[in-house]
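User: Could you take a close look at one part of this protein for me, namely its nonpolar core and what surrounds it, and explain the terms as you go? I am in my first year, so please connect each point to the next.

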Amino acid sequence: MYGKDLYIFFGWDFVAETENGIEDIWAICEGTNYPRFVWQIPVGDLVCPDGVAMPDLALLATHWPDDNCDPGNDYCKGTDLDLSGAVDIGCWLVMWLICCVILTAIWVEFDIKIVKIESYTDS
Ligand SMILES: [Ca+2]
Ligand SMILES: [Ca+2]
């Protein structure tokens, strides 16, 4: 269930395949997780595993500061986050600002749940 072959067989439209369409609705980290909607993937999540972490930063670093990014090279393997044609400070800021917003949102939600649990156990 962690591979995309079965899903493609049943018509799911994945990134990097055209057999089931070019809208590219689904993506998967093969062998590690279930499919996700593309819109669920944070901008800075460039490579597997899911989430923005050191492997994503490593890929960004290998393309720093490429200035030949275009659709032919998949915008420098996705590291040209703002599609400007170059991997530059704009990409860096977009990636890490989005990460900070997501992490903040997760922590806020986590804190709210802890407060609710503490309130529940206190009463
Ligand atoms: Ca597709
Ligand atoms: Ca990742």
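Analyst: What follows begins with the whole chain, moves into the core, and ends with the parts that lie outside it.

The model is a predicted one, in which local features need pLDDT of at least 70 and side-chain atom pairs count only at pLDDT 80 or more, while totals for chains, interfaces and linings use all residues. Residues are numbered from 1 along each chain as its sequence is written, and chains are lettered from A and ligands numbered from 1 in the order in which they are written.

The secondary structure comes to 4 helices and 2 strands, where helices (H or I, at least four residues) and strands (E, at least two) are DSSP runs numbered from the N terminus. Read from the N terminus on, these elements follow the order α-β-β-α-α-α. The radius of gyration, which is taken over C-alpha atoms, is 18 Å, well over the 14 Å that the globule rule (2.2 Å times the number of residues to the power 0.38) gives for 123 residues, so the protein is more spread out than a compact globule. Along its principal axes, the C-alpha trace spans about 60 × 40 × 20 Å.

How much of the protein counts as buried? A residue is buried if 20 or more other C-beta atoms lie within 10 Å of its own, exposed if 12 or fewer, and partly exposed in between, with the C-beta atoms placed from the backbone. By this count, 17% of the 123 residues are buried.

Now to the core itself. A nonpolar core is a set of buried Ala, Val, Leu, Ile, Met, Phe, Trp, Tyr and Cys residues joined through C-beta atoms within 7 Å. The largest one here has 7 residues in all, namely Leu46, Leu60, Cys69, Tyr75, Cys76, Ala86 and Val87. As background, nonpolar side chains tend to be buried together in soluble globular proteins.

Three members of the core deserve a closer look. Cys76 lies in helix H3, which covers residues 74-77, and Cys76 counts as buried because 22 other C-beta atoms lie within 10 Å. Although Cys76 is not a glycine, it has a positive phi of about 55°. Ala86 sits in the loop between H3 and helix H4 (89-122), and it is buried because it has 20 C-beta neighbours inside 10 Å. Two residues are in contact if their C-beta atoms, placed from the backbone, lie within 7 Å; leaving aside residues up to four places away in sequence, Ala86 touches Pro65, Asp66, Asp67, Cys69 and Asp80. With that exclusion again applied, Val87 touches Leu60, His63, Trp64, Pro65, Asp66, Cys69, Cys76, Thr79 and Asp80.

Pro65, which is listed among the contacts of Ala86 and among those of Val87, is found in the loop between H2 and helix H3. The peptide bond that leads from Trp64 to Pro65 is cis, with omega near -10°. Another cis peptide bond runs from Cys48 to Pro49, with omega near 0°, and Pro49 lies in the loop between E2 and H2.

Moving outward, helix H4 holds Tyr120, which counts as exposed because it has 8 C-beta neighbours inside 10 Å. The C-alpha atoms of Ala86 and Tyr120 are 52 Å apart, with their positions 34 residues apart along the chain.

The core can also be placed within the division of the protein into domain 1 (1-41) and domain 2 (43-123), bounds that come from an automatic or database domain assignment. The centres of the two domains, taken over C-alpha atoms, are separated by 20 Å, and 4 residues of domain 1 are in contact with 4 residues of domain 2. The side of domain 1 that touches domain 2 has 2 nonpolar, 2 polar and no charged residues, where Ala, Val, Leu, Ile, Met, Phe, Trp, Tyr, Cys and Pro count as nonpolar, Asp, Glu, Lys and Arg as charged, and the others, Gly among them, as polar.

Two exposed residues complete the picture. Gln40 lies in the loop between strand E2 (36-37) and helix H2 (54-62), and it counts as exposed because 11 other C-beta atoms lie within 10 Å. Ala16, in the loop between helix H1 (5-9) and strand E1 (26-27), is exposed because 8 other C-beta atoms lie within 10 Å, and it has a positive phi of about 70° although it is not a glycine.
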